[in-house]
Amino acid sequence: KHNATMPPKRGARGNQAPAPTRPRQPVAPPPDDEDTYTEPYVQRIRPYNQVELSDTERKEELTRVLTATDPNLPKNLTKYNYREKAYKIDPPSPGEQLAIHFEMNGCMMHLDSVEAKEQAQYEAQKAEARADAAKAAAQAAASNQVNVSGGDDGGKNQFNYSERAAQTFDNPYRNRGVATMPPPVTGFTATVSQWEIYDTYMSDYLAGVAAVEQAKALEKKKSAMAHGVGQDAAYDPEPTIAPAQKTSDDAVHTRAMGKCLQILERMISQNAEDEIFQDFKYWEDASDSFRPGEGSLLPLWRFSTDRSKRKQVTALEWNPKYTDLFAVGYGSYDFMRQGAGMICCFSLKNTSHPEYVFYPESGVMCLAFHPQHPSLLAVGCYDGTVCVYDVRKQTNKPLYSSSIKSGKHTDPVWEVSWQEEDVAKELNFFSISSDGRVASWLMSKNELKMEPVMVLKLVASLKTINNGSNSGDGNTEENEGSLSGLAGGCCFDFNKVHDHLFIVGTEEGKIH
């Protein structure tokens, strides 16, 4: 509401308006004289219908209330209220009183936005294209002037030249249409309740169980007839059906239902942690622009499980194909307290629970995904065992595992590395252990075969002093001699270009 002081309208003090007065004649300006100077003057003329008010009436304040109510809207609309079971008057809402007098859609963009930068780049390219076109036109005009000044180039006759054009008639269009008879339509209506749906599903389920039992009875009859057994003893015309018995047709415990539940769990997790996922995509610290060469880290998630609280993380490996999946190996560096290991495959799509979990018999020391087959995971354990898991099968038993019969390390395996497939398309990987051996593991059809590649021997530097038998200056020479025993291997790496070249690091600080 607004309060405003306005003068009274004409005729507000009485029913009769005052008599109009004759308009006053404007006063003529003094005669112009070229030799005299006349000052400018202002003449106010009052309209003939202006109401004459006294000083008291002029000083009196009149209050008028301005409301935003639309007089054209109906005020007596009634609607039926189902809760009170009666017709109620529906007052107009505040939004209905709104009247838009002017509306215009703008095209403004922020100066630092991506769209504004693209628009500026486009305008710059457009201006550059115009400049190039003007430059080319100027060069063409200069060349034409040179040609004209040089003489006749055998072109068109500028004094006797005319252009002629011809236009042919367009072929008329032909429209063809085919209308077929509509197929017959039959209307069907029915009322379905929850019990009817349940009965229908149960009837289909019982029909499927009866079909399975009938197929089993037919197979039993054929086998009995093949062995000479009578028809009455081999075939039961009325097999019994157990409705409560679980079969493979249970839709709740199928793989498709498990996949749907997994997707639903991911959706719930991402909705619950929406702010963290938004920071993962778009977070950027503005203060980094003032710190050249430095940055800041934003912690997002903490991955943990109940069974890994007393274990140490000994290995991490990202999947080469699925960028949101990574494997974590759990073990213990306290060699006096060793227990069973654990492998968890976490995904950024569901940070609350691991996607796959495996339990090796010994602590995990290293992991490696195959670069071409991302489902194969090679694992090196504390007891010297190497094994290969297929994360798609979700079974605790590995596909391949080394043993004493096929060969194995005797000390912890510190690193495993996959190699490219050979000509025979057989997968293999390498491993290094503290027992001083670098081994190659070949995945055959039935077992994991071990092939020793290198044995690391202890190397010590022996300083021998030459007494001057060959030279009298007494220089020292450093020779390397081999000691008995094997050096413990810690790590190795293969050349990315030449697969047969690799380097090995040992516990003594030597590189082979």
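**Strand β13: pocket wall and sheet edge**

Tutor: In this predicted model, the lining of the second largest pocket counts ten nonpolar, three polar and six charged residues by class.

Student: What makes a residue count as nonpolar, polar or charged here?

Tutor: Its type decides: Trp and Phe are on the nonpolar list, Lys is on the charged one, and Ser and Gln are left among the others, so they count as polar.

Student: And what is the volume of the second largest pocket?

Tutor: About 430 Å³. Of its 19 lining residues, S417, W418, Q419, F494 and K496 are the closest to the centre. Two or more lining residues come from each of β9 (364–369), β13 and β19 (489–494).

Student: Which element gives the most to that lining?

Tutor: β13, with five residues.

Student: How do you know that β13 pairs with β14, and how many bridges join them?

Tutor: Five bridges join β13 to β14 (residues 428–433), running antiparallel. Pairing takes at least two bridges, so these strands pass. For instance, V413 has S433 in β14 as its bridge partner.

Student: Why is β13 called an edge strand?

Tutor: The open sheet runs β13-β14-β15-β16, with antiparallel pairing. β13 (413–418) and β16 (448–455) each have a single partner strand, so one side of each lacks a neighbour in the sheet. From one strand to the next, the twist averages 25°.

Student: What about the largest pocket: which helix gives the most to its lining?

Tutor: Helix α5 (residues 255–272), with six residues. That lining splits into six nonpolar, eight polar and ten charged residues.

Notes
Residues are numbered from 1 along each chain as its sequence is written. This is a predicted model: local features need pLDDT of at least 70, side-chain atom pairs count only at pLDDT 80 or more; totals for chains, interfaces and linings use all residues. Side-chain values use heavy atoms; hydrogens and water are left out. Helices (H or I, at least four residues) and strands (E, at least two) are DSSP runs, numbered from the N terminus. Axes are lines fitted to C-alpha atoms, for helices over the stretch in contact, and angles run from 0 to 180 degrees between N-to-C directions. On a 1 Å grid over the protein atoms alone, a cavity is a set of points where a 1.4 Å probe fits but cannot get out, and a pocket is an open set with protein on both sides within 12 Å along at least five of seven lines; lining residues have an atom within 4 Å of a point. Grid points are joined across faces, edges and corners, and a volume is the space filled by probe spheres set on the points.
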